[in-house]
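Subject: The structure we talked about

Hi there,

Here is the structure I promised to pass on. Please have it open while you read, and my notes come right after it.

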Amino acid sequence: MLSRWLLALSLFALVTGPTCARPPEPEPPDQGIFVTVANPITSASVNQIRETVTRAVQRNPLKKIVFDFNPGGKEAATPDFGPCLDLARYIKSLRGEKNILTIAFLKNKVTRHTVLPVLACDELVMAPDAAIGAVSANPGASPDKVDVVNYESFVLPGQAALVLKMLDAKVEVLKGERNNAAWYIDARKETEAAREGVVIADKKPVLRAGELGLYRAGDALKFQLSKATLASRQQVETRFNMPPGSHREDVLMDRNRVCWRLTVQGDVTAGLQSSLKRQLERAIRAGANLIILQLECSGNNTTTGRDIAEHLRA
């Protein structure tokens, strides 16, 4: 009788006792893509980006787009203002019209007007060796007023002086505070800033006059221009909870594959390089968008080999 009572009590304890808490379910990834921005930015490359995004949206509703501004990991700099402004406005429209979060990823230095579409993105992340700034080609000259207005339109008011410093070496930046938030001002506008409620406790400039603003990853993080320091596309993918593998771009999207196979034979020489370029051009003119190279070549001419590699990557 006693054993039956103990068994019943044990079962009751098991049923009514504390249950183990289940770990929270991971959030499903947000649909997104990576898009490489050509260097330099041209009207043609802007149109190509528009087409890429449009095709991607038609396939799956996007929540995030990461724009990689350093193709091949190289420095990027565009001297032409027009196409950069067009791309910046398009990027900005994606948030308002399609509710897509846009992220700029810098792996290397980004200067000149390529900076403008970077600033248009909702968030910026930079690799440890990346840098952004030095927009002006003539640091000693006063910047064009139209350029200044457009650049400042893509950043928060409290960061406008940091951006102006990229265009005008004469700017001296002071750090103040407004509504308990950091606020950076051009020292020449200190009186005007005070009337707008900016309090400057320390008059020591955080950036002195004399050179254009070029912000390394650590500085961009300190000034709150960037949100994180990330070394690779894979880390960006993880940080923003995007589907695994989305860091690899599908440049063809839903287009039909037009495949050509080219056989590369012989020693790697200038002659082979010229022959391969002609074959590639002929294939592209014929509509090829997928090219397979069958390599049957040898030789130790590393200079020519690198030139061929650069041509293929471009």
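Below is what I found, going from the sheet to one of its lysines and then to a pair of helices.

Before anything else, please keep in mind that this is a predicted model.

**The sheet**

Five strands come together in an open sheet, and their pairing is parallel. If you trace across the sheet, the order is β1-β2-β4-β6-β11. At the edges sit β1 (32-36) and β11 (228-229), each of which pairs on one side only. Between β1 and β2, which run parallel, there are five bridges. One residue pair to look for here is Gly32 and its bridge partner in β2, Lys64.

**Lys64**

That lysine deserves a visit of its own. Lys64 belongs to strand β2, which covers residues 64-68. Is Lys64 buried or exposed? Its relative accessibility is 11%, and buried means under 20%, so Lys64 counts as buried.

What does the side chain of Lys64 make a polar contact with? The partner is the side chain of Asp30, at 2.8 Å. Setting aside neighbours within four places in sequence, Lys64 is also in contact with a list of residues that includes Gln31, Gly32 and Ile33. Further along the chain, the contacts of Lys64 include Ile100, Leu101 and Ile103, as well as Phe240, Asn241 and Met242.

**Helices α5 and α6**

Now for the helices. Two packed helices are described by the angle between their axes and the distance between the axes. For α5 (residues 145-152) and α6 (residues 160-167), the angle is about 140° and the axes are 10 Å apart. On the α5 side, the contact is made by Asp147, Val148, Tyr151 and Glu152, while α6 brings Ala160, Val163, Leu164 and Leu167. Sorted by class, this contact has six nonpolar residues, two charged ones and no polar ones.

**Asn150**

Helix α5 also holds Asn150. With a relative accessibility of 13%, Asn150 falls under the 20% limit and therefore counts as buried. Where does the side chain of Asn150 reach? It goes to the backbone oxygen of Val146, at 2.9 Å. Leaving out neighbours within four places in sequence, Asn150 is in contact with Phe81, Leu85, Arg89 and Leu116.

If you would like a place to begin, try Lys64 and its polar contact with Asp30, then move to Asn150 in α5.

Happy browsing, and best wishes!

Terms used
Residues are numbered from 1 along each chain as its sequence is written. This is a predicted model: local features need pLDDT of at least 70, side-chain atom pairs count only at pLDDT 80 or more; totals for chains, interfaces and linings use all residues. Side-chain values use heavy atoms; hydrogens and water are left out. Helices (H or I, at least four residues) and strands (E, at least two) are DSSP runs, numbered from the N terminus. Buried means under 20% relative accessible area, exposed over 50%, partly exposed in between (1.4 Å probe, protein chains only). A polar contact is a pair of N or O atoms within 3.5 Å; within protein, one must be able to donate a hydrogen and the other to accept it, and residues adjacent in sequence count only if both atoms are side-chain atoms. Contact means heavy atoms within 4.5 Å. Two strands pair if DSSP finds at least two bridges between them. Axes are lines fitted to C-alpha atoms, for helices over the stretch in contact, and angles run from 0 to 180 degrees between N-to-C directions. Ala, Val, Leu, Ile, Met, Phe, Trp, Tyr, Cys and Pro count as nonpolar, Asp, Glu, Lys and Arg as charged, and the others, Gly among them, as polar.
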